[in-house]
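Trainee: Before we use any of these terms, could you take me through the reasoning behind each of them?
Mentor: Gladly; let us put the values beside the definitions and see what follows.

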Amino acid sequence: SRNSRFLRYMNDHIEASKDGLPTNLNHHCLVFHAKSFSFIITEQEYAIIMIVIHGLLLLYPVVYRKRLHRYLRTIGRNVLSIPLLLVLVFLFLLLATLLIEALTLIRNFPTIWLHAPFLFFLLKAAAALFLFALLYRFLRHLPFSRNGRFYSAGSILLLLIDSIVLGLFDFSLAYYFVWALVWAVLFSSARSRWFKLAFLLLSTAWLVKATVDIFTLPALDVVRVILLSRVKGNIVLALVILPFLFMIIRLDLLFRHPRRRRGITVVRALETALGAATAALFVFLAVFRVYAPGNPQPISVTENMNLSSNKSLVEVTSPAPIGKISLSAPDLTEAISTRARRYSTTVTGTKPVLQEQISTSSFLDRKRIDLRIEPDGKPYRVSVELSSRDQIVIFDSNFPFSYSSTGKQATIHIGANPPFPLDVQFTLPQAANVEVGLKLTYTTLPFAIKVSGKDISVQRSLVVSKTLSVGAGGA
């Protein structure tokens with residue numbers, strides 16, 4: 001079984017390394033997996049398979065020498081069509097990316113694609129291919145080749161370039177395009193258009209599987225590039241898609257009825273199907289309900305309490321439109337109904353959640369500041385910052401400290417979860433005139449903030465701030 005083979009491989013590797021790390025290159029293995037079927041091959045076996053496949057492909061120009069010469073001639077005559085079609089595919093992908101961006105704006109939900117990444121990919125692919133199919137009927141009026149051999153030869157050339165370039169970057173991934181290249185060669189050799197259709201479908205198998213894996217894991221960094229990168233992601237996608245579009249065009253030229261007004265071409269059928277799929281996906285993603293009881297909407301409620309100004313700013317944020325919720329706190333009761341992702345309200349009056357004592361003792365030209373902090377509850381983090389119009393000099397402190405780039409601010413680093421009451425001591429010049437800013441951050445609140453709404457998950461936090469003055473000679 002694959003498990004026993006993998007364990008045997010690991011045991012052999014451990015046995016080979018029992019006397020220390022090997023000085024030569026480590027062996028690697030590749031795991032090929034599809035549902036319940038999977039197998040493992042070593043890097044050496046993989047390299048041998050790649051060499052054999054490329055060796056067999058080299059027989060193609062030997063066996064089909066005349067066909068090769070025809071392909072080279074048609075590519076030479078129409079070589080400019082390749083970059084022009086590549087630019088067109090890139091532009092269609094860019095328009096599809098803008099369609100996704102428009103959808104996120106309509107929903108006012110920039111990260112909605114995280115909740116249905118594969119559906120958004122299908123929307124992008126369907127929209128780009130629909131635009132290509134829609135424009136394809138006008139390509140006959142543009143200086144593009146109508147020779148079917150050019151598109152067969154072009155698909156082989158592009159897949160060969162893709163496999164070489166990807167192999168230079170990561171040899172273990174080259175098999176995706178080598179697989180497609182083998183079937184593209186068989187596609188060009190087949191006489192039956194139905195065999196060509198079968199070979200086209202087979203050529204996409206591994207790339208389709210890789211795409212499904214990326215979007216169902218999901219590999220979010222890769223997904224973000226594929227869906228939202230306007231330039232880099234779309235250039236890569238265009239290079240991947242173009243050889244398969246060439247094969248589709250070749251099929252269309254074979255299936256097209258000699259009398260244009262009769263029969264349905266492959267591209268015309270794709271145009272209809274892709275147009276319907278694009279419209280259906282866009283409507284569904286524009287209205288589908290992201291959050292449910294099993295997947296509640298995250299709501300963050302933060303109260304910024306300024307004891308110096310005796311005011312509090314309550315902020316409600318969410319990655320999606322907040323909708324209808326109600327807030328209830330000791331000094332606040334408010335019903336909120338908004339499509340915004342951020343809502344704030346100001347409350348006059350603060351709760352007595354902090355007691356502080358500050359004292360000063362002088363010695364020669366220095367003064368020692370003793371600050372005791374006694375909050376209600378247990379803040380997660382305490383920040384102490386000093387600021388002055390002049391350069392700040394700290395002679396000593398019972399906690400580490402650092403200066404800003406201007407030297408007019410300094411931070412005393414307390415750390416997370418300090419003990420309370422908390423004593424902070426630092427020594428300044430006798431003539432120093434500074435302001436001491438305190439900021440306490442709670443993740444467990446000393447009082448209740450109740451938030452009610454449908455299918456929501458609430459995270460509450462409290463930030464308490466206060467400014468104290470330490471004048472020249474004392475507090």
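Trainee: What makes the largest nonpolar core a core, and which members touch the most others?
Mentor: In this predicted model, the largest nonpolar core holds 72 residues, and those that touch the most other members are Leu85, Phe120, Phe132, Leu159, Leu227 and Phe246. The set counts as a core because its members are buried nonpolar residues joined through side-chain atoms within 4.5 Å. Phe132 gives an example, for when residues up to four places away in sequence are not counted, it touches Leu85, Val89, Phe92, Leu245 and Ile249. A second core, separate from that one, has 45 residues, among them Val436, Tyr442, Phe447 and Ile449. As background, nonpolar side chains in soluble globular proteins tend to be buried together.

Trainee: Why is Asn234 called buried or exposed?
Mentor: Its relative accessibility is 0%, and buried means under 20%, so Asn234 counts as buried. This residue lies in helix 11, which spans residues 232–255, and, with neighbours within four places in sequence left aside, Asn234 is in contact with Phe90, Leu93, Leu94, Thr97, Lys124 and Ser229.

Trainee: What makes the second largest cavity a cavity, and which residues line it?
Mentor: The term applies because a 1.4 Å probe fits there but cannot get out. The volume of the second largest cavity is about 50 Å³, and the count by this rule is 4 cavities of 30 Å³ or more. Its lining consists of Glu303, Ser312, Val314, Ala329, Asp331, Leu332, Val347, Gly349 and Lys351, which divide into 4 nonpolar, 2 polar and 3 charged residues.

Trainee: What lines the second largest pocket?
Mentor: The second largest pocket, with a volume of about 490 Å³, is lined by 20 residues, of which Arg107, Arg289, Tyr291, Gln297 and Pro321 lie nearest its centre. Strand 5 (323–329) and strand 6 (332–338) each supply at least two lining residues, and strand 5 gives the largest share, 3 residues. The lining of this pocket divides into 10 nonpolar, 4 polar and 6 charged residues.

Trainee: How do you know that strand 9 and strand 14 pair?
Mentor: Pairing requires at least two bridges, and strand 9 (residues 366–375) and strand 14 (residues 422–429) pair in the antiparallel sense over 8 bridges. One bridge partner is Pro429 in strand 14, matched with Arg366. Both strands belong to an open sheet of 4 strands in the order 8-9-14-11, with antiparallel pairing. Strand 8 (354–363) and strand 11 (396–397) are the edge strands, each pairing on one side only.

Definitions and conventions:
Residues are numbered from 1 along each chain as its sequence is written. This is a predicted model: local features need pLDDT of at least 70, side-chain atom pairs count only at pLDDT 80 or more; totals for chains, interfaces and linings use all residues. Side-chain values use heavy atoms; hydrogens and water are left out. On a 1 Å grid over the protein atoms alone, a cavity is a set of points where a 1.4 Å probe fits but cannot get out, and a pocket is an open set with protein on both sides within 12 Å along at least five of seven lines; lining residues have an atom within 4 Å of a point. Grid points are joined across faces, edges and corners, and a volume is the space filled by probe spheres set on the points. Ala, Val, Leu, Ile, Met, Phe, Trp, Tyr, Cys and Pro count as nonpolar, Asp, Glu, Lys and Arg as charged, and the others, Gly among them, as polar. Buried means under 20% relative accessible area, exposed over 50%, partly exposed in between (1.4 Å probe, protein chains only). Contact means heavy atoms within 4.5 Å.
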